[in-house]
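Work through the exercises below with the model open. Try each task before reading its solution.

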Amino acid sequence: MVLTDVVNNPERAGGGRERDLIASVQGGQSELFYELVRPYERRVYAAALAILRNEQDAEDAAQEAMLKAFANIRQFRAEARFSTWLIQITVNEALMRRRRERTVVMEGIDNRHGRGEEETEYAPRDFADWREIPSEALERKEVRQRLAEALATLDQKYRQVFMLRDMEHLNIQETAEALGISAASVKTRLLRARLMLRDLLAAGWEQGWFSRLPFEKGNKPW
Amino acid sequence: MVESIRHCEDMWREISNYIDGEVEPGLRSAMEEHFHSCKRCASVLVGTRNVVKLYGDERMLEVPAGFSRRLEKRLAQDVVGSARGWSSCSAWLVPVAAMVLIAGAVMLTNSLTFRNLIKSQHALPANNIPPDLVVVVSDGSRLFHVPGCEFIRDKASERKMTAKEAIHDGYVPCTRCLRQYLKTGLTHHGPQVAEVDDADGDEAKEEFLSTAGH
């Protein structure tokens with residue numbers, strides 16, 4: 001198993017250990033719960049942030065989701081992925097908080113606006129010379145910051161799908177279930193989110209976001 | 001499904017599915033052929049792949065400083081704390097439950113005793129009555145009395161018989177005139193008032209039953 005598997009998929013890295021931990025917590029060893037959820041704390045936080053867009057709210061929702069997961073741990077069945085179950089609880093918690101904060105009216109307006117957009121196809125705007133971007137670019141905080149800013153500009157419904165699918169690595173069906181939308185809608189929104197981010201980052205290139213990256217002059221990473 | 005790519009728009013529509021490996025083999029081949037010949041679509045493909053790769057990196061999921069510590073603390077408080085609370089609760093719950101059971105048993109015993117106390121004396125056996133004692137019964141009552149008892153109802157219908165016969169026929173002794181023969185335990189405990197009230201109640205009941213035609 002390679003290192004990236006351990007980082008991106010802790011379940012694959014320690015499935016047996018995780019199963020043991022789940023059984024132990026279900027059996028009453030609550031002190032092991034943090035050890036069980038620790039590998040997913042980033043993903044839980046990110047899932048909450050995808051919906052709430054506010055760091056403090058996301059942290060509160062993440063903590064609350066963890067507590068709800070503990071309260072319902074006996075209902076977890078082994079046929080499901082623990083991470084997916086955990087993230088679905090988080091998404092539900094975040095959505096509930098958002099509704100509670102009465103932003104639902106604004107969201108409704110966004111959604112009405114977005115539904116029209118979704119029906120029309122999104123055409124990429126930038127067709128510069130391309131190159132695969134090295135993952136080392138993420139070592140730089142500035143790059144991560146720029147990527148986060150670009151993501152934050154997406155409409156809520158695209159950002160949610162993109163974060164759950166491409167950052168949380170849920171599959172299409174799991175993303176659909178978590179958000180209560182159809183698989184077809186997930187695919188449509190995902191395509192649009194990816195293409196929009198590509199254009200946003202291409203524009204960022206023009207602004208010098210990646211000026212210190214080792215690309216050949218005149219070439220963009222996309 | 002589009003199997004031959006006529007326009008770049010056909011490519012863009014499927015490019016996300018292509019990256020996810022969710023296009024049919026025929027379409028995949030057609031798209032790959034197009035990528036080789038179309039620089040624009042190749043740019044879109046690699047740019048989109050970069051987006052998926054960069055954002056899918058764990059390093060993009062940054063959490064605020066101190067997040068892990070605060071989460072661990074919260075869980076320690078609310079999860080382990082509650083479990084410990086339950087645990088300590090369960091530790092004293094057992095003796096408390098035992099005490100409740102004991103108290104319940106005592107109350108049950110007392111209630112049974114009390115039930116005996118308030119139980120009608122007419123329902124008690126008249127074991128100590130001499131079987132050959134001459135007693136009187138009358139219509140409209142299930143009691144038997146010593147002759148001349150002032151509580152005999154419908155004296156015109158009174159009949160004499162032995163106590164043994166009366167008991168055999170389902171009559172029960174009058175608590176007034178045959179009190180001395182009743183072995184209720186009531187006199188040992190001494191709630192005389194209850195005894196009188198109870199007897200009055202039975203008389204009232206007898207009255208009611210006779211009025212109702214029973």
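**Exercise 1. Two residues with positive phi**

Task: Decide whether R53(A) is buried, exposed or partly exposed.

Solution. This is a predicted model. Start with the count: 15 other C-beta atoms lie within 10 Å of R53(A). Then apply the cut-offs: 20 or more means buried, 12 or fewer means exposed. R53(A) is therefore partly exposed. Next, place the residue: R53(A) sits in the loop between α5 and α6 of chain A. Finally, check the backbone. Phi of R53(A) is positive, near 65°, and the residue is not a glycine. Most residues other than glycine have a negative phi.

Task: Where is H169(A) found, and how many other C-beta atoms surround H169(A) within 10 Å?

Solution. Locate the residue first: H169(A) belongs to the loop between α10 and α11 (172-179) of chain A. Count next: 16 other C-beta atoms fall within 10 Å, so H169(A) is partly exposed. Then read phi: H169(A) is not a glycine, yet its phi is positive, about 65°.

**Exercise 2. A helix pair in chain A**

Task: Classify the packing of α5(A) against α6(A) by angle and by handedness.

Solution. Two packed helices are described by the angle between their axes and the distance between the axes. Take the distance: the axes of α5(A) and α6(A) come within 8 Å. Take the angle: they cross at roughly 130°. Angles over 145 degrees count as roughly antiparallel and 65 to 115 as roughly perpendicular, with 130° in neither range, so α5(A) is oblique to α6(A). Add the hand: α5(A) passes α6(A) in a right-handed crossing.

Task: Which residues make the contact of α5(A) with α6(A), and what is their chemical character?

Solution. List the α5(A) side: V44(A), Y45(A), A48(A), L49(A) and L52(A). List the α6(A) side: E55(A), D57(A), A58(A), E59(A), A61(A), A62(A), A65(A) and M66(A). Sort them: ten are nonpolar, three are charged and no residue is polar.

**Exercise 3. Where the chains meet**

Task: Describe the side of chain A that touches chain B.

Solution. Begin with the counts: 43 residues of chain A are in contact with 37 residues of chain B. Assign elements: α1 (3-8), α4 (33-37), α5 (41-52), α6 (55-71), α9 (141-152), α10 (156-167) and α12 (183-206) of chain A each give at least two residues. The largest share, nine residues, comes from α12(A). Close with chemistry: this side of chain A has 25 nonpolar, five polar and 13 charged residues.

**Exercise 4. The two chains side by side**

Task: Give the secondary structure and burial of chain A, then of chain B.

Solution. Chain A has twelve helices and zero strands. Of its 222 residues, 39% are buried. Chain B has seven helices and four strands. Its elements run α-α-α-α-β-β-β-α-β-α-α from the N terminus. Buried residues make up 23% of the 214 residues in chain B.

**Exercise 5. The N-terminal helix of chain B**

Task: What is the span of helix α1 (residues 8-19) of chain B, and which of its residues are buried?

Solution. Helix α1 of chain B has twelve residues. From first C-alpha to last it reaches 16 Å, close to the 16 Å expected at 1.5 Å a residue. Its buried residues are M11(B), W12(B), E14(B), I15(B) and S16(B). After α1(B) comes G21(B), with a positive phi near 70°.

Note on methods. Residues are numbered from 1 along each chain as its sequence is written. Chains are lettered from A and ligands numbered from 1 in the order in which they are written. This is a predicted model: local features need pLDDT of at least 70, side-chain atom pairs count only at pLDDT 80 or more; totals for chains, interfaces and linings use all residues. Two residues are in contact if their C-beta atoms, placed from the backbone, lie within 7 Å. Ala, Val, Leu, Ile, Met, Phe, Trp, Tyr, Cys and Pro count as nonpolar, Asp, Glu, Lys and Arg as charged, and the others, Gly among them, as polar. Axes are lines fitted to C-alpha atoms, for helices over the stretch in contact, and angles run from 0 to 180 degrees between N-to-C directions. Angles under 35 degrees count as roughly parallel, over 145 as roughly antiparallel, 65 to 115 as roughly perpendicular and the rest as oblique. A crossing is left-handed if the near helix is turned anticlockwise from the far one by less than a right angle, and right-handed if clockwise. The expected span of a helix is 1.5 Å times one less than its number of residues.
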